[in-house]
Amino acid sequence: MPLYDFHCEQCETKFEVRASIKEKQAGLQPECPICHSQAVRQVVTAGLVLHGSDGGSLPSSGPTCGCSNRGCCGS
Ligand SMILES: [Zn+2]
């Protein structure tokens, strides 16, 4: 069962709520375990961000114009 991070806006407490996908889709509205406020918002963790293409791994050698003709770039 997935775990969701929530943050209470009332007392600034961070807590976790375990809920099924079904419960989540039905509109999960947990309350703070400390102050029992429902003024909570879900904290979206950025741990699932994929590594984008940085393009920095290209070899720096070779003709700068991208052609295969050696004489073209003066090399
Ligand atoms: Zn609270």
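How many salt bridges does the structure hold? The count is one, and the pair will be described once the fold around it has been laid out. The model is a predicted one.

The protein chain has 75 residues, of which 17% count as buried. Its secondary structure comes to one helix and three strands. Followed along the sequence, these elements appear in the pattern β-β-α-β. Among contacts between residues at least 6 apart in sequence, 35% join residues that are at least 24 apart.

The description can start with strand β1, which covers residues 3-8. This strand pairs with β2 in the antiparallel sense, over five bridges. One of the bridge partnerships sets Tyr4 against Val17 in β2. The two strands form a hairpin, with five residues between them. In the turn, Glu12 has a positive phi of about 60°.

Strand β1 also runs antiparallel to β3, to which four bridges join it. Here Phe6 has Gln42 in β3 as its bridge partner. Strand β1 is thus paired with β2 and with β3.

Strand β2, residues 14-18, shows how side chains are distributed over two faces. In a regular strand the side chains alternate between the two faces of the sheet. In β2, Phe15 and Val17 point to one face and are buried. Lys14, Glu16 and Arg18 point to the other face and are not buried.

Is Glu16 buried or exposed? Glu16 counts as exposed because its relative accessibility is 53%, and the cut-off for that class is over 50%. With neighbours within four places in sequence left aside, Glu16 is in contact with Leu3, Tyr4 and Asp5. Between the C-alpha atoms of Glu16 and Cys32 the separation is 9.6 Å, and the two residues are 16 apart along the chain.

Asp5, one of the contacts of Glu16, is placed in strand β1. Asp5 is partly exposed, with a relative accessible area of 24%. Beyond its neighbours within four places in sequence, Asp5 is in contact with Phe15, Glu16, Arg41, Gln42, Val43 and Thr45. Phe15 is a residue of strand β2, while Arg41 belongs to strand β3. Asp5 and Arg18 are 13 residues apart in sequence, and their C-alpha atoms are 8.9 Å apart in space.

The salt bridge can now be placed. Side chains of opposite charge can pair when their charged atoms come close. Which residues form the pair here? Arg41 forms the salt bridge with Glu9, and the closest N and O atoms are 2.8 Å apart. The pair links distant parts of the chain, since Arg41 is in strand β3 (residues 40-43) and Glu9 is in the loop between β1 and β2, 32 residues apart. Arg41 is partly exposed at a relative accessible area of 43%, and Glu9 is partly exposed at 47%.

The remaining feature is a metal site. Which residues coordinate the zinc ion? The donors are the SG atoms of Cys8, Cys11, Cys32 and Cys35, at 2.2 to 2.3 Å. The four donor atoms subtend angles of 104 to 115° around the zinc ion, so the arrangement is tetrahedral. Along the chain, the donors follow the spacing C-x2-C-x20-C-x2-C. Cys8 lies in strand β1 and Cys35 in the loop between α1 (21-25) and β3, so this pair ties together parts that are 27 residues apart in sequence.

The four cysteines can also be sorted by accessibility. Cys8 is buried, with a relative accessible area of 0%. Cys32 is likewise buried, with a relative accessible area of 0%. Cys11 counts as partly exposed at 28% relative accessibility, and Cys35 is partly exposed at 30%. The structure holds zero disulfides.

Taken together, strand β1 pairs with β2 and with β3, and Cys8 in β1 is one of the residues that coordinate the zinc ion. The salt bridge between Arg41 and Glu9 links strand β3 to the loop between β1 and β2.

How values were computed. Residues are numbered from 1 along each chain as its sequence is written. This is a predicted model: local features need pLDDT of at least 70, side-chain atom pairs count only at pLDDT 80 or more; totals for chains, interfaces and linings use all residues. Side-chain values use heavy atoms; hydrogens and water are left out. Buried means under 20% relative accessible area, exposed over 50%, partly exposed in between (1.4 Å probe, protein chains only). Two strands pair if DSSP finds at least two bridges between them. A salt bridge is a side-chain nitrogen of Lys or Arg within 4 Å of a carboxyl oxygen of Asp or Glu. A disulfide is a pair of cysteine sulfur atoms within 2.5 Å. Donors are N, O and S atoms within 2.8 Å of the metal (3.2 Å for Na, K and Ca); water is not among the atoms, so sites may look incomplete. Four donors count as tetrahedral if all angles lie between 85 and 135 degrees; four count as square planar and six as octahedral if opposite donors are over 155 degrees apart and all others between 65 and 115; anything else is irregular. Contact means heavy atoms within 4.5 Å.
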